[in-house]
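Welcome! Have the structure at hand and try each exercise before reading its worked solution.

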Amino acid sequence: MESLLIKGLSPLKGSVGISGSKNAVLPIMAATVLCSDEVILSGVPDLEDIKVMAQVLKILGAKVKKEKDVLIIDSSSVNAIELPDAMTRKMRASNLVMGPLLGRFHHAKVAYPGGCAIGSRPVNLHLKGFCDLGFDVKAKYGFMEGKGRPWGGKEILLDTPSVGATENIMMAASLVSGETVIRNAAREPEIIDLQNFLNRMGAKIRGAGLDTIYVEGVKKLGKAEYRIIPDRIEAGTFIAAAAISNGDVLIENVVLEYIRPVISKFREMGVNITESKYGLRVTGNRPYKPVDIKTIPHPGYPTDMQAQMMALLTTVAGTSIVVETIFENRFMHVQELRRMGAEIALEGRAAIIKGKEKLEGAIVDATDLRAGAALIIAALFAEGVTQINNIYHIERGYENIHLKLESLGADIKRALL
Ligand code: UD1
């Protein structure tokens, strides 16, 4: 089992570069299925989830090559429309190929994705979207299957602004004739990146970043080169790491506009963040003030930064309240943080945190990606050594995190125990 061993209490100092966004690159990789030509993506991080999506594309018949941070995908040879259960179980986001397969081949059969550690995560909105687009959709024998050659404009209203459903519908609609209007669409930066990429391939989409997206179907999508946006959640995680260790860190390669909701909460606590053309400089400024947080779809506070922020708040004197409204079971980090001495009470979807002056190193488990990141942050403040197990969860979404932290002066080792 691979683990991280972190000895706390060294302030982080120096600069760190943020990698390309995992949540932007996954749908963009899926979208290459729409194109019967070669696509070149740069700024692609080296992550387990990206490898799984590459495997998904290969199963469908695509040729995929990776050279450093460049991914070359040739989807001209895609000849399968079915994705087996083994792949959707490995990574939920592999269901994002359903929209592209429907758009290009008018037929897709994708194994039903299960729930995961943070919640049941249904796909009803994806299916309803395909149905409203005019596809004949069935969910049977463990598969979601769609067929048909819809035409004419359609209006789709999402009950909740689901990121994945918005992406899947945008991708399918880009090759469906007529104008599709998606209302109550997700507004996350990754949706804007997907729109920009699809348009680079020749799609006609506008509105991403707002709650109504207009997709004018085109006949064909062609070759494209595209650079992925930096990962706003990785940037937020490094802000939390710099703040908890009372460090001085320059975070390079960030799109400020995309991480404003996160920056604004850190500033409310009293973390010093200055913006420049070089990036974000975070300087520790203890004592911080307690704050209340409620996760809300973008541009609200992101659920993907909830656990990391909670780790920081466990070290801030006073009471902070964190309410998770997006996923029903996203407090798995609480029991692990308690092992390190944190005082957190759970009441339904709220966590009530009483900040402590110190945390203690302990043996803890990374139960999911962001929960694991939260444990790293807590470990940077803990007395003694923290051993974080099951770090494959963390490495699904953070590129070289131990090397990046080590370069900032953290006492961290990756070990096979
Ligand atoms: C994406 C992100 C994930 C992030 C989440 C919310 C990727 C690969 N993953 O996940 O990191 O935490 O957005 O910002 O980009 N829902 C339904 N029915 C559906 C779809 C979703 O009820 O058909 C619910 C979910 O259970 C959840 C909420 O909607 O409660 C938001 O989910 P969604 O925005 O779809 O998240 P993902 O796209 O799965």
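**Exercise 1. Work out the strand order of the open sheet of four strands, and name its edge strands.**

Keep in mind that this is a predicted model. Start with the order, which reads 6-7-9-8, with mixed pairing. Next, look at the two ends: strand 6 and strand 8 (136–140) each pair on one side only, so they are the edge strands by the rule that pairing takes at least two bridges.

**Exercise 2. Find how strand 7 pairs with strand 6 and with strand 9.**

Strands of a sheet pair through backbone hydrogen bonds, in either a parallel or an antiparallel sense.

- Step 1: take strand 6 and strand 7, which are parallel and share two bridges. Here leucine 83 has valine 110 in strand 7 as its bridge partner.
- Step 2: turn to strand 7 (residues 107–111) and strand 9 (residues 143–147), which run antiparallel and are joined by five bridges. Look for alanine 108, with glycine 146 of strand 9 opposite.

**Exercise 3. Describe the surroundings of the ligand.**

- Step 1: list the neighbours. The ligand is surrounded by 15 residues, and Asn124, Leu125, Ser162, Asp304 and Ile326 are the closest.
- Step 2: sort the shell by class. There are six nonpolar, six polar and three charged residues.
- Step 3: look for polar contacts, for which the cut-off is 3.5 Å. The side chain of serine 162 has an N or O atom 2.6 Å from an oxygen atom of the ligand. Two backbones take part as well: a backbone N or O atom of valine 163 lies 2.7 Å from a ligand oxygen, and one of proline 122 lies 3.3 Å from a ligand oxygen.
- Step 4: consider the cover. On its own the ligand has 740 Å² of accessible area, and the protein covers 82% of this.
- Step 5: ask which elements give two or more residues to the shell. They are helix 5 (124–133) and helix 6 (163–173). Helix 5 provides the largest share, three residues.

**Exercise 4. Name the buried residues of helix 5 and what covers them.**

First, pick out the buried positions: Leu125, His126, Leu127, Gly129, Phe130 and Leu133. One of these, Leu125, is also among the closest residues to the ligand. Next, look at the cover, which includes helix 4 (98–105), strand 8, strand 9, strand 10 (154–157), helix 6 and strand 11 (179–183). Finally, step past the end of the helix: glycine 134 follows helix 5 and has a positive phi, near 115 degrees.

**Exercise 5. Decide for serine 75 and glycine 318: buried, partly exposed or exposed?**

- Step 1: locate serine 75, in the loop between strand 5 (70–74) and strand 6 (82–83).
- Step 2: check its area. Serine 75 has a relative accessible area of 0%, so it is buried, the cut-off being under 20%.
- Step 3: see what serine 75 touches beyond four places away in sequence: Thr32, Val33, Cys35, Ser36, Asp37, Ala62 and Arg104.
- Step 4: move to glycine 318, in the loop between helix 10 (306–313) and strand 19 (319–323). Because its relative accessible area is 38%, glycine 318 counts as partly exposed.
- Step 5: list the contacts of glycine 318, again leaving out residues up to four places away: Pro290, Ile353, Lys354 and Gly355. Glycine 355 is 37 residues from glycine 318 along the chain, yet their C-alpha atoms are separated by 5.6 Å.

Notes
Residues are numbered from 1 along each chain as its sequence is written. This is a predicted model: local features need pLDDT of at least 70, side-chain atom pairs count only at pLDDT 80 or more; totals for chains, interfaces and linings use all residues. Side-chain values use heavy atoms; hydrogens and water are left out. Buried means under 20% relative accessible area, exposed over 50%, partly exposed in between (1.4 Å probe, protein chains only). Contact means heavy atoms within 4.5 Å. A residue is near a molecule or strand if one of its heavy atoms lies within 4 Å of it. A polar contact is a pair of N or O atoms within 3.5 Å; within protein, one must be able to donate a hydrogen and the other to accept it, and residues adjacent in sequence count only if both atoms are side-chain atoms. Accessible areas come from the Shrake-Rupley method with a 1.4 Å probe; for residues, only the protein chains shown count as cover. Ala, Val, Leu, Ile, Met, Phe, Trp, Tyr, Cys and Pro count as nonpolar, Asp, Glu, Lys and Arg as charged, and the others, Gly among them, as polar.
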